[in-house]
Number of protein chains: 2
Amino acid sequence: MTIGKTGATVAMKGAGYYSQSTRGAKDVIDNATGMLVEAVAAIPEPPANTPLQIADFGAADGGTSKKAIRETVVALRNRFPGRQILVTYTDLPSNDYSNLFKNILGLTEDQDNNYYTEFQDILVHACGIGFHRQLLPDASLDFGFSATAMHYISEKPCEINNHVHVVGAGVETRVAYAARAATDWENILLGRAAELRPGGRLVFMNFCKDEIGRYLGNTDGINMFDTFNQLWRGMHDEGRISDAEYLQASFPQYYRNTEEFSAPFQDVTSPVRAAGLRLISIHTGLVKCPYRAAFEDSSNSMTTREFAVSYIPTLRSWSETVFLNALDPSRSPEEREALIDLFYQRYEDLVAANPNGHAMDYVHCYIAIEKEL
Amino acid sequence: MTIGKTGATVAMKGAGYYSQSTRGAKDVIDNATGMLVEAVAAIPEPPANTPLQIADFGAADGGTSKKAIRETVVALRNRFPGRQILVTYTDLPSNDYSNLFKNILGLTEDQDNNYYTEFQDILVHACGIGFHRQLLPDASLDFGFSATAMHYISEKPCEINNHVHVVGAGVETRVAYAARAATDWENILLGRAAELRPGGRLVFMNFCKDEIGRYLGNTDGINMFDTFNQLWRGMHDEGRISDAEYLQASFPQYYRNTEEFSAPFQDVTSPVRAAGLRLISIHTGLVKCPYRAAFEDSSNSMTTREFAVSYIPTLRSWSETVFLNALDPSRSPEEREALIDLFYQRYEDLVAANPNGHAMDYVHCYIAIEKEL
């Protein structure tokens, strides 16, 4: 689910563009290295004959978090030598766990940070059930981690009339999505509260709306989701797609702000507080779009078309399914593919004609949480 | 890896044939229901605040073991009410874990025995690392189960000169495969010994060579692996495949006999005994080929061609990769597919011309093991 991870469309580009696409997501995690180290330093020693347990919630293929997990393993091994360490990767049932295990076993091209083969007594499991439920046994988790995954809500409360993303929706829709996201956040936290050992820690890097209203792709004058909507709406107005097809394209996402993330910790009647979770720290941070940065780096001397060609595949890699699944199933696969190709071609042409302001900056909320001893 | 599970080629047949194909593998597990119930009755109560842990080693998509796992869950819940139960499915990295999780979550067509949705406090994990290593934390497993998986050896010690399976190989090759299988069996048992809680149990249903020399597809006068070899050799002798392509087709399998399965328990110097494992019971059993049974059932009045058409897909579903991967990678995909189609077409024609003795009877060794308290 993570933006910037390996997607088919990204992988089709040359090796240089591929590295660019994963660098942003890695930068986000690298921003939080201090938080990881601090969390590991804070957790208490688990009972005798018990493994240390780490989990990555919403791990996709495990690629972008490999370095962070390795660093966590090193820190845990230093603090508690000789302990077995169980790493559990979770994601939706549809995730590619085969690729995840190959990645962790060092059977893919990515040969960096292969902690499973580097260290003894590491165990790796996966759980293909959404993180809105409890996934691990009670009081078994020492350190839970999540990067760029929890903006996905468990289900859409409604379609969005006049936009493709709730960031551009009317007030009623926004309220409905906010309510769903609040319930989901509470369920995420209650699931983790049950799983955590007393004194255990969580570090989350979640997409957010920051204190001055910025969010993914909306930081530099051009709003990425407005652009998606404008182009999708255009295909509707030309009669290429139906009313229903326009309507069905909406992202099952919500970008919470720091107040929404903090609410279950502030409310003295919240079940999250009753379950023993405490907010240690919360702050927002921006990681610049690596494609935009490459374009602005004059040593690359890219044309506007080259920028557009490099920029669109990363957007397409995580957004394509939303538009593809909105199309009527009675259309042939070729017809659907042609419409989607046209859609992203138009986005590319728009950027090539005037690249000003197009950038997919990452806006995250970095959250550290503790379960009371 | 399990014979009789859903394969693409099987699924292409009509619904009747599909049920036939899974019935055999289920019969094997149903044969062992008494062993499962006995194992659950024997395990001691785990320490307080600890989940009960079950594992299925070599689970494929979890389909054929779903009923057995549900029955085990019911028996555990009755003995130890209120305990969380963690079920871990293991297989190779290449397994389809997405399908496994969909199956367990009740998101596939198979709506029977959905224990995850039926009961509270069930947790389901997967581990995509081969079972020749330790996969679960020390002393955490109450009950381990495996059906029709452990005949796969960790690597082939050599290719097989004059046959496609070690059952037809010369003595030197047989000795090399037996040695690899003995080391693998010891590693399987040592991995499980580390994982088991004291008093924990294992029940394995493994392909074997029985006391009178029968094994999969070699029970009724015609030897399935000899037939594979005869047809593959024929394609070589006609010049359709090269020497190397003939040689490279060999199954990474070994059918141990009861003496080989028992050896680590009998040898007083064995590390398996030192690790605390004890053999509770061992016996062999035969489950008749459901395709053959359907053909012999006169109420079906099948022609010999209909029998052949129903019989070959189940063989193809688990054997095809061996022959496909033996073909030179320089051949086009279409060329490789055509050769493989021809190979199985010839097998079908052979059976249709004279069905006598063609049957894939399952020959298993049923083993119960305990870890000393």
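1. Being four residues apart in helix H12 (residues 290-296) of chain A, Glu296(A) and Arg292(A) are separated by about one helical turn. The side chains of these two residues, Glu296(A) and Arg292(A), meet in a salt bridge, with 2.8 Å from N to O. Arg292(A) has a relative accessibility of 9%, so this residue counts as buried. A student should keep in mind throughout that the model is a predicted one.

2. A second pair of this kind can be followed in helix H7 of chain A, where Glu195(A) and Arg192(A) lie three residues apart, about one turn of the helix. Their side chains form a salt bridge at 2.7 Å, taken from N to O, and the pair also appears as a polar contact of 2.7 Å between the side chains of Arg192(A) and Glu195(A). Are these two residues, Glu195(A) and Arg192(A), buried or exposed? Both Glu195(A) and Arg192(A) are buried. In general, side chains of opposite charge can pair when their charged atoms come close.

3. Arg192(A) deserves a paragraph of its own, since its surroundings can be described in some detail. Helix H7, in which Arg192(A) has its place, covers residues 171-195 of chain A. The relative accessible area of Arg192(A) is 0%, and the residue is therefore classed as buried, the cut-off being under 20%. Which residues does Arg192(A) contact, once its neighbours within four places in sequence are left aside? The contacts of Arg192(A) are then Phe57(A), Phe131(A), Arg133(A), Gln134(A), Leu135(A), Leu202(A) and Phe204(A).

4. A third salt bridge may be looked up in chain B, where the side chains of Glu159(B) and Lys156(B) meet at 3.4 Å, again from N to O. Glu159(B) has a relative accessible area of 31% and is partly exposed, while Lys156(B), at 28% relative accessibility, likewise counts as partly exposed. Salt bridges can also share partners, and in this way Glu238(A), Arg240(A) and Arg346(A) are joined into one network. Over all chains, a search of the whole structure finds 40 salt bridges.

5. Another buried residue worth a careful look is Ser310(A), which is found in helix H13 (residues 304-326) of chain A. With a relative accessibility of 3%, Ser310(A) counts as buried. Where does the side chain of Ser310(A) reach? The side chain of Ser310(A) comes to the backbone oxygen of Phe307(A), at 2.8 Å.

6. The next matter is how the two chains are arranged. Chain A can be laid on chain B with an RMSD of 0.0 Å by a turn of 180°, together with a shift of 0.0 Å along the axis. The two copies are thus related as by a two-fold rotation axis. Among the residues of chain A, Ala126(A) comes closest to this rotation axis, with its C-alpha at 2.5 Å.

7. The contact between the chains involves 27 residues of chain A and 27 residues of chain B. Of the interface residues of chain A, 100% are also interface residues in chain B, so the copies meet through the same surface. The size of an interface is often given as the accessible area lost when the parts come together. For chain A and chain B, the area buried between them is about 2200 Å², of which 62% is on carbon and sulfur atoms.

8. Which elements of chain A each supply at least two residues of the side that touches chain B? They are strand S2 (85-90), helix H5 (97-104) and strand S3 (122-127). The largest share, five residues, comes from S3(A). Sorted by class, this side of chain A has 16 nonpolar, eight polar and three charged residues. Across the interface of chain A and chain B the rule finds zero salt bridges, whereas it does find nine residue pairs in polar contact, with both residues at pLDDT 80 or more.

9. Lys102(A) may serve as a last example, and its place is in helix H5 of chain A. At 31% relative accessibility, Lys102(A) counts as partly exposed. When its neighbours within four places in sequence are left aside, Lys102(A) is in contact with Leu107(A) and Thr108(A), and also with Pro93(B) and Ser94(B). The C-alpha atoms of Lys102(A) and Gly62(A) are separated by 9.8 Å, although these residues are 40 residues apart along the chain.

Notes: Residues numbered from 1 in each chain as written. Chains lettered and ligands numbered in written order. Predicted model: local features only at pLDDT ≥ 70, side-chain atom pairs only at ≥ 80, totals over all residues. Heavy atoms only, no water. Least-squares fit on C-alpha atoms with pLDDT ≥ 70 in both. Contact = heavy atoms within 4.5 Å. Buried area = accessible area lost by both parts, 1.4 Å probe. Salt bridge = Lys/Arg side-chain N within 4 Å of Asp/Glu carboxyl O. Polar contact = N/O pair within 3.5 Å; in protein donor to acceptor, adjacent residues only side chain to side chain. Nonpolar A, V, L, I, M, F, W, Y, C, P; charged D, E, K, R; others polar. Buried < 20%, exposed > 50% of the residue type's maximum accessible area, 1.4 Å probe, protein only.
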